[in-house]
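Student: I have a new model to read and would like to work through it with you. Could we go strand by strand?

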Amino acid sequence: MLKKVIDNNLLLEKNNYQPITIGRLNKATLKDTVKLKGIGLHTGNESKIKIYPANVNTGIVFRSIKKEKGEIQVTPWNVKNTRNAVSISNGIWEIHTIEHLLFAFAIAGITDAYVELSSNEIPILDGSSKEFYEAIQSAQIFEFSNYQNVPIKLVNPVWVVSEDKYIIAVPSDEFKITYTIDYEHPDLKGRSLHIKLNSKVAEKEILSARTFGFLKDVEYLRSQGLIKGASLDNALVLTENGYLNERRYIDECIRHKVLDLVGDLYLLGKPLIAHIIAYRSGHSLDIALAKNILKNLENDELAKLRYY
Ligand SMILES: [Zn+2]
């Protein structure tokens, strides 16, 4: 008999004890410092990052090796740009392409950490969140056993619409995503993916999906100063009817869109319990939804959950 219980405010299905959202029951940081390096997808800059443990309730905080640039707290309100990637700023400097690292934090359940950069972009690595996640696991995770990681559970629908694109979050008893993409490509025309997500499922089904781009757009994006670091080693490249390199999943592109969405929503700093329905969404809509979720919380009894 399937019986739902409330345990530490995170709903679990008792019969097999499967968490119904991503993350952990308690807040957590890393046990050790971990280093990663690579090039930035858009800037092409060589970048080294170090992820440090942090005290409980620090949140995720970016800082530069140059102390005078100051810190940047991860929250939707600090997002500066959403064109092709998410960048955040404190008004002094800006960090690009944070979403794949945030996905790794989200599913590893890291709520508190410092990320120090030598450059202004998080390295793209293999184009997915796999190497970030593996690095976090290798540093091991420290749970703050007295501090629950209370998810945001929606009580009202929240949405964002922009022309024919939209993203809607509706109340649900579990975290699930229904995503539809519609690109001019035989594999990407009106395709949908419906997935219930917890960390285990996300690790298996979403974590390794790489960023993707169309060969026909490369010249234009480069002329706009974007994708200077893109290559077949860090992106799945689509031709008119096929692919230039091997896919990791048959529907890798839509899975990467889900990865971006989960990473973008982790600007909220906590797991979400809601059904997210996205149609041709992207970073700007994802971030607008995150802001609307926070605004919505201000108006109801869940406002107490907000800690920004
Ligand atoms: Zn991405």
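Tutor: Yes. Keep in mind that this is a predicted model. Start with a pairing: strand β7 covers residues 60–64 and is joined to β12 by 5 bridges. The two strands run parallel.

Student: Which residue of β12 stands opposite I60?

Tutor: Look along the pairing of β7 with β12, which has 5 bridges. One residue pair there is V61 with its bridge partner Y114. For I60, the residue opposite in β12 is A113.

Student: In which sense does β6 run against β12?

Tutor: Strand β6 spans residues 46–53 and is joined to β12 by 5 bridges. One bridge pair is K50 with E116. The sense of this pairing is antiparallel.

Student: How many residues of β12 are buried?

Tutor: β12 covers residues 113–117. A residue counts as buried if 20 or more other C-beta atoms lie within 10 Å of its own. The strand is mostly covered, and of its 5 residues the buried ones number 4.

Student: Which residue in the hairpin of β7 and β8 takes a positive phi?

Tutor: β7 and β8 (residues 71–73) pair in the antiparallel sense over 3 bridges. R63 has its bridge partner in β8, namely E71. Between the strands of the hairpin lie 6 residues, and the one with a positive phi, near 75°, is G70.

Student: What is the strand order in the open sheet of 5 strands?

Tutor: The pairing in this sheet is mixed. Its edge strands are β15 (158–162) and β18 (191–196), and each pairs on one side only. On average, neighbouring strands are turned by 5° against each other, direction ignored. The order is β15-β16-β22-β17-β18.

Student: Which residue of β22 stands opposite Y166?

Tutor: Take β16 (residues 165–170) and β22 (residues 275–279). They pair in the antiparallel sense over 5 bridges. Opposite Y166 in β22 stands Y279.

Student: At what angle does helix α5 run to β17?

Tutor: Helix α5 takes in residues 252–265. This helix lies across β17 (176–181), β18 and β22. Its angle to β17 is about 130°.

Student: Is V161 buried or exposed?

Tutor: V161 lies in strand β15. In space, V161 and L289 are 9.4 Å apart, C-alpha to C-alpha, although 128 residues separate them in sequence. The cut-off for exposed is 12 or fewer other C-beta atoms within 10 Å. V161 has 12 such atoms, so V161 is exposed.

Student: What sign does phi have at Q140 and E163?

Tutor: Most residues other than glycine have a negative phi. Q140 sits in the loop between α2 and β13, and E163 in the loop between β15 and β16. Q140 has 10 C-beta neighbours inside 10 Å and so counts as exposed; E163 has 6 and so counts as exposed. Neither is a glycine, but phi is about 65° at Q140 and about 55° at E163: the sign is positive.

Student: How many residues of α1 are buried?

Tutor: The buried residues of α1 include E99, H100 and L101. Among the elements that cover them are β7, β12, α2 and α5. After the helix comes G109, with a positive phi near 80°. Of the 10 residues of α1, the buried ones number 10.

Student: Which element gives the largest share of the side of domain 1 that touches domain 2?

Tutor: The domain assignment gives domain 1 (3–148) and domain 2 (152–303). Their centres are 17 Å apart, taken over C-alpha atoms. In the contact, 41 residues of domain 1 meet 38 of domain 2. The largest share of the domain 1 side, 7 residues, comes from α1.

Student: How many residues on that side of domain 1 are nonpolar?

Tutor: The elements giving two or more residues to this side are β3 (18–19), α1 (99–108) and α2 (130–139). The side holds 17 polar and 4 charged residues. The nonpolar ones number 20.

Student: Over which residues does pLDDT stay under 50?

Tutor: The chain averages a pLDDT of 91, and 91% of the residues score at least 70. One stretch stays under 50, and for that stretch the model has 22 contacts beyond four places in sequence. The stretch is residues 1–11.

Note on methods. Residues numbered from 1 in each chain as written. Predicted model: local features only at pLDDT ≥ 70, side-chain atom pairs only at ≥ 80, totals over all residues. Pairing = 2+ DSSP bridges. Axes fitted to C-alpha atoms, helices over the stretch in contact; angles between N-to-C directions. Contact = placed C-beta atoms within 7 Å. Domains from an automatic or database assignment. Nonpolar A, V, L, I, M, F, W, Y, C, P; charged D, E, K, R; others polar. pLDDT = per-residue confidence, 0-100.
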